[in-house]
Amino acid sequence: MSSGTHSPAGQPPDDDAVLSAGARIAAQWRDVGAEQLGVALRAMEPQLRREHRERMLSIELQREAEQRRHEDRQRERVERQHRVETVTGAVIALAMLGAAVYVAPVNGWLSALLCGPSLLALVKVFVLRRSDPDDMRAVSLAGRVASDAAVQAQQPPQPPPQSPPVV
């Protein structure tokens with residue numbers, strides 16, 4: 001016989017535990033009749049059912065744990081994205097406020113545009129993650145008002161009409 005790689009009578013190698021166990025069970029039951037085998041199998045059925053339920057429960061618990069891990073990762077990603085959007089909104093708001101203060105002495109209309117509805121609309125988009133049509137209307141209106149103010153500021157003032165001298 002070789003160095004233990006094969007069992008006697010052509011049985012599978014010892015390192016294949018499942019086949020080896022199956023071969024041992026078959027060897028134990030080979031002399032038993034069909035009726036006795038049926039009784040033995042019916043006696044084993046409750047144990048097999050319990051083992052099956054345990055395996056199914058274990059699989060279900062593993063699936064639920066994986067689902068929870070997936071949901072946790074999703075929640076962390078959403079929270080991280082919200083933090084980034086909040087910081088971005090704060091940086092944009094501070095930059096717009098700073099620019100408004102910087103240009104205020106020279107261009108009041110631009111300063112008003114930077115501090116007005118456009119600032120609020122951008123902060124609302126980044127922090128609250130929503131934009132309403134009214135926001136865009138307010139920004140548009142503020143832009144028109146600022147443009148009109150700029151045009152009026154660039155036009156030289158018209159002297160008042162002179163009345164004829166009274167004699």
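In this predicted model, helices α2 and α4 pack with their axes 8 Å apart and at an angle of about 165 degrees. The two helices are therefore roughly antiparallel to each other, since an angle over 145 degrees falls in that class. The crossing in which α2 passes α4 is right-handed. On the α2 side, the contact is built from His-82, Glu-85, Thr-86, Thr-88, Gly-89, Ile-92, Ala-93, Met-96 and Leu-97. Helix α4 contributes Ser-118, Leu-119, Leu-122, Val-123, Phe-126 and Val-127. Sorted by class, the residues in the contact of α2 with α4 are nine nonpolar, five polar and one charged.

Ser-118, one of the α4 residues in this contact, merits a separate look. Helix α4 spans residues 117–128, and Ser-118 is placed within it. Ser-118 counts as buried because its relative accessibility is 14%, and the limit for that class is under 20%. Leaving aside residues up to four places away in sequence, Ser-118 touches Met-96, Leu-113 and Val-139. Of these partners, Met-96 is also listed among the α2 residues that meet α4. A further spatial relation links Ser-118 to Gly-143: the two are 25 residues apart along the chain, and their C-alpha atoms are separated by 8.8 Å.

Leu-94 offers a second view of helix α2, in which it is placed. Leu-94 is exposed because its relative accessible area is 61%, and the exposed class begins over 50%. The C-alpha atom of Leu-94 is separated by 9.4 Å from that of Leu-119, a residue 25 positions away along the chain. Leu-119 itself belongs to the α4 side of the contact described above.

Helix α2 also packs against α3. Helix α2 covers residues 34–103 and helix α3 covers residues 108–115; their axes come within 8 Å and cross at roughly 165 degrees. That angle makes α2 roughly antiparallel to α3. The crossing of α2 and α3 is left-handed, whereas that of α2 and α4 is right-handed. In the contact itself, Met-96, Leu-97, Ala-99, Ala-100 and Val-103 of α2 meet Gly-108, Leu-110, Ser-111, Leu-114 and Cys-115 of α3. By class, this contact has eight nonpolar residues, two polar residues and no charged residues. Met-96 and Leu-97 take part in the contact with α3 and also appear in the contact with α4.

Elsewhere along α2, attention turns to charged side chains. The count of salt bridges comes to five. One of them joins Glu-45 to Arg-49, with 2.6 Å between the closest N and O atoms. Both residues lie in helix α2 and are four residues apart, about one turn of the helix. Glu-45 counts as partly exposed because its relative accessibility is 33%, a value between the limits of 20% and 50%.

Further along the same helix, which residues are linked in a network of salt bridges? The network links Glu-66, Arg-69 and Arg-73. Glu-66 is bound to Arg-69 by a salt bridge in which the closest N and O atoms are 2.7 Å apart. Arg-69 and Glu-66 both lie in helix α2, three residues apart, which is about one turn of the helix. Glu-66 also forms a salt bridge with Arg-73, and here the closest N and O atoms are 3.7 Å apart. That separation still qualifies because the cut-off for a salt bridge is within 4 Å. Each member of the network has been assigned to an accessibility class. Glu-66 is partly exposed, with a relative accessible area of 36%. Arg-69 is likewise partly exposed, at 42%, and Arg-73 counts as partly exposed at 44% relative accessibility.

These details can be set within the fold as a whole. The protein has five helices and zero strands, and along the sequence the pattern reads α-α-α-α-α. Of its 167 residues, 14% count as buried. Among contacts with a separation of 6 or more, residues 24 or more positions apart account for 37%.

Notes:
Residues are numbered from 1 along each chain as its sequence is written. This is a predicted model: local features need pLDDT of at least 70, side-chain atom pairs count only at pLDDT 80 or more; totals for chains, interfaces and linings use all residues. Side-chain values use heavy atoms; hydrogens and water are left out. Axes are lines fitted to C-alpha atoms, for helices over the stretch in contact, and angles run from 0 to 180 degrees between N-to-C directions. Angles under 35 degrees count as roughly parallel, over 145 as roughly antiparallel, 65 to 115 as roughly perpendicular and the rest as oblique. A crossing is left-handed if the near helix is turned anticlockwise from the far one by less than a right angle, and right-handed if clockwise. Contact means heavy atoms within 4.5 Å. Ala, Val, Leu, Ile, Met, Phe, Trp, Tyr, Cys and Pro count as nonpolar, Asp, Glu, Lys and Arg as charged, and the others, Gly among them, as polar. Buried means under 20% relative accessible area, exposed over 50%, partly exposed in between (1.4 Å probe, protein chains only).
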